Amino acid sequence: MYSALRASFAPVFPPVLRTVSAVFTTTTRTLRLRRSYASMAAHATVNTTARLQALRELMAKPEYDVQAVVVPSEDQHFSEYIAQCDERRAFISGFNGSAGCAVVTPKGAYLFTDGRYFLQAEKQLDENWTLMKQGLPDVPTWQEFLSKNLDSNTRIGIDPTLISASDAETIQKALEPKKSQLVSLSKNLVDLVWSDRPSRPANKVFPLDVKYAGQSHSEKLKILREELKKKDAKSMVVNMLDEVAWLFNLRGSDIDYNPVFFAYGLINGDKTLLFVNESQFDDSVRQHLRSEVEVHPYDTFFSYLTRLGSELNRHKNAQKVLISDKASLAVAEAIGKDNIIVTRSPVTDLKAIKNDVEIEGFRQSHIRDGAALVRYFAWLEEQLNAGAVLNESQAADQLEKYRSENESFKGLSFPTISATGPNGAIIHYQPEHDDCAVVKKDQIYLCDSGAQYLDGTTDVTRTYHFGTPIPEEKRAFTRVLQGHIAIDVAVFPSGTTGYLLDPFARRPLWEDGLDYRHGTGHGVGHFLNVHEGPHGIGVRITYNSTPLKPGMTVSNEPGYYADGLYGIRIENIVIVREAHTPNNFGDKGYLRFEHVTLCPMGKTLIDISLLTAKEKEWINAYHEEIQEKVAPLLKTDERALKWLQRECSPL
């Protein structure tokens with residue numbers, strides 16, 4: 001990192017922030033983030049004293065009587081990205097990263113997050129909070145903290161709609177030796193403190209034509225019922241919003257950047273129920289669903305589950321209800337814990353494998369997206385060479401403008417990470433429009449961005465230097481590039497998981513004693529959430545439970561972050577495909593990746609002396625492919641076309 005941040009952009013570091021690291025919208029912006037806690041600048045600090053005091057007063061009241069409160073990031077559907085009304089953890093703590101959990105006690109407040117957000121949390125948390133750096137030695141998870149660090153006989157308040165049934169069961173067992181207990185609260189205490197909490201969105205829902213989806217919702221429901229028969233289940237609750245949207249071929253905009261809407265699904269052997277605010281539907285949606293789907297009010301979901309549970313209790317040996325391992329404790333309690341099967345949602349697995357129509361949509365949407373990226377970087381370089389003063393947010397707005405001109409554009413897929421110099425080292429940095437750094441020609445510029453199109457979702461990161469990079473920067477970039485290439489060209493046996501592939505990306509960095517604190521790849525939805533499971537490439541052991549399969553989409557994004565100086569990340573979306581190998585040892589079949597992202601790699605940062613002959617061949621072939629596919633879309637933009645030709649010339 002640079003030795004010092006510019007004075008005009010120096011973050012406010014709370015004087016006594018404690019960290020635990022080794023001791024314990026317009027038409028073209030359909031999915032654009034509205035002003036909310038999630039859009040706070042990555043360096044802004046919020047004074048949480050009054051909020052915590054009000055929360056602690058509620059905790060002490062006889063009707064609640066709890067000595068700790070858990071405030072997770074998720075909403076009642078366990079969404080990663082959430083609506084403003086569900087940003088409870090951001091409200092109470094001031095930290096707005098997408099991953100983390102807060103635990104508040106009468107005398108302490110603890111924020112747990114992972115390595116992607118250490119820098120951001122250090123800058124945003126005030127002196128009331130202790131930052132718990134999960135993943136570092138001797139730092140407990142928030143779940144472990146409850147049983148290991150809190151006193152015995154502690155009553156721990158939870159909102160049962162915001163904690164999974166499986167998590168609650170594990171935590172309660174761990175609490176038993178200390179005679180502590182989880183207490184399901186009838187009201188969310190943060191909501192009671194949050195006087196100006198926004199209302200829940202109820203935006204219009206629309207059908208996704210089968211020409212984009214590749215399969216009708218009737219076909220999907222039929223396949224899902226076959227899965228229920230295999231598991232001997234009476235019915236299934238679908239609680240994840242992207243699963244509901246995928247299953248019914250519907251899309252919405254209730255959560256920024258994610259084309260989803262608030263709803264639950266319940267699939268029985270002979271009927272399908274959708275719990276949703278029907279005012280969000282128009283005639284096109286009703287015609288799409290036809291009579292095969294019963295529509296019920298969203299707020300009647302839990303009462304329906306309670307009646308279903310009572311019915312099951314009256315019949316001995318009745319088939320059980322399948323719920324996802326990401327379904328809430330409230331769902332489990334409503335049906336009855338003896339009446340449920342908790343497992344990974346079959347919809348998760350079905351959705352992860354894209355059909356041929358979806359795969360072609362990914363290819364085509366990424367070609368259009370590549371054209372927008374080329375136009376943007378050509379424009380940005382010209383502006384910087386001309387001495388223009390542009391801040392990170394203004395630059396990101398121009399990229400969005402170019403994307404919005406593309407066919408089938410529906411919005412961004414996440415807030416653009418437009419980061420110059422030291423801000424690039426904040427892995428999930430987001431510039432604030434009126435308070436962010438000016439893009440400098442002599443600094444590394446990292447841009448992680450994506451879009452939602454009717455035929456696909458994009459997510460791409462490029463790192464450029466528009467001046468003259470120093471040798472250290474070039475060496476680090478080249479190591480990241482070598483890791484990226486290693487994943488792209490990998491051929492591996494069927495049954496291989498992303499957990500096993502992750503070291504391929506890190507090996508070139510390890511040679512220089514470098515690494516990064518995030519996964520190498522995440523699944524990507526088809527005109528759905530930009531982050532999707534169950535698969536991925538990374539060091540999380542959960543990735544070892546899901547082998548990569550043909551049709552899965554995943555990102556390839558190794559990086560390196562020099563705190564205070566710069567950040568480097570290179571990201572393409574790849575599709576898992578069958579590999580045609582000369583042999584087939586074990587008759588298991590082999591797999592490979594097909595990249596669909598098309599944007600030049602930034603040759604000024606490449607140290608050619610570090611590359612092998614095959615790596616050079618890969619770069620040249622990749623750039624040749626970009627020219628072939630993207631150049632035809634740039635015929636009316638001479639500046640972009642010239643920039644593309646220069647950037648794609650052979651090494």
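Visitor: What makes the link between the side chains of S555 and E557 a polar contact?
Guide: The side chains of S555 and E557 are joined at 2.8 Å. A polar contact is a pair of N or O atoms within 3.5 Å; within protein, one must be able to donate a hydrogen and the other to accept it, and residues adjacent in sequence count only if both atoms are side-chain atoms. The value of 2.8 Å falls within the limit of 3.5 Å, so the distance condition is met. This is a predicted model, in which local features need pLDDT of at least 70 and side-chain atom pairs count only at pLDDT 80 or more, while totals for chains, interfaces and linings use all residues. Residues are numbered from 1 along each chain as its sequence is written, and side-chain values use heavy atoms, with hydrogens and water left out.

Visitor: Why is S555 called buried?
Guide: The relative accessible area of S555 is 0%. Buried means under 20%, exposed over 50% and partly exposed in between, with a 1.4 Å probe and protein chains only; S555, at 0%, is therefore buried. This residue belongs to strand β25 (residues 553-556), a strand being a DSSP run of E of at least two residues, and a helix one of H or I of at least four, numbered from the N terminus. Among the residues that S555 touches, leaving aside those up to four places away in sequence, are T520, H522, I537 and E571, where contact means heavy atoms within 4.5 Å.

Visitor: Why is A202 called partly exposed?
Guide: A202 has a relative accessible area of 40%, which lies between the two cut-offs, and so A202 is partly exposed. A202 sits in the loop between α6 (189-193) and β8 (206-207). Beyond residues up to four places away in sequence, A202 touches D254, N277 and Q280.

Visitor: How do you know where domain 1 and domain 2 lie?
Guide: Domain 1 covers 48-193 and domain 2 covers 206-352, with bounds that come from an automatic or database domain assignment. Their centres, taken over C-alpha atoms, are 29 Å apart.

Visitor: What is the count of salt bridges between domain 1 and domain 2?
Guide: The count is zero, a salt bridge being a side-chain nitrogen of Lys or Arg within 4 Å of a carboxyl oxygen of Asp or Glu. Eight residue pairs, both members at pLDDT 80 or more, are nevertheless in polar contact between these domains. On the side of domain 1 that touches domain 2, helix α5 (residues 165-175) gives the largest share, three residues.
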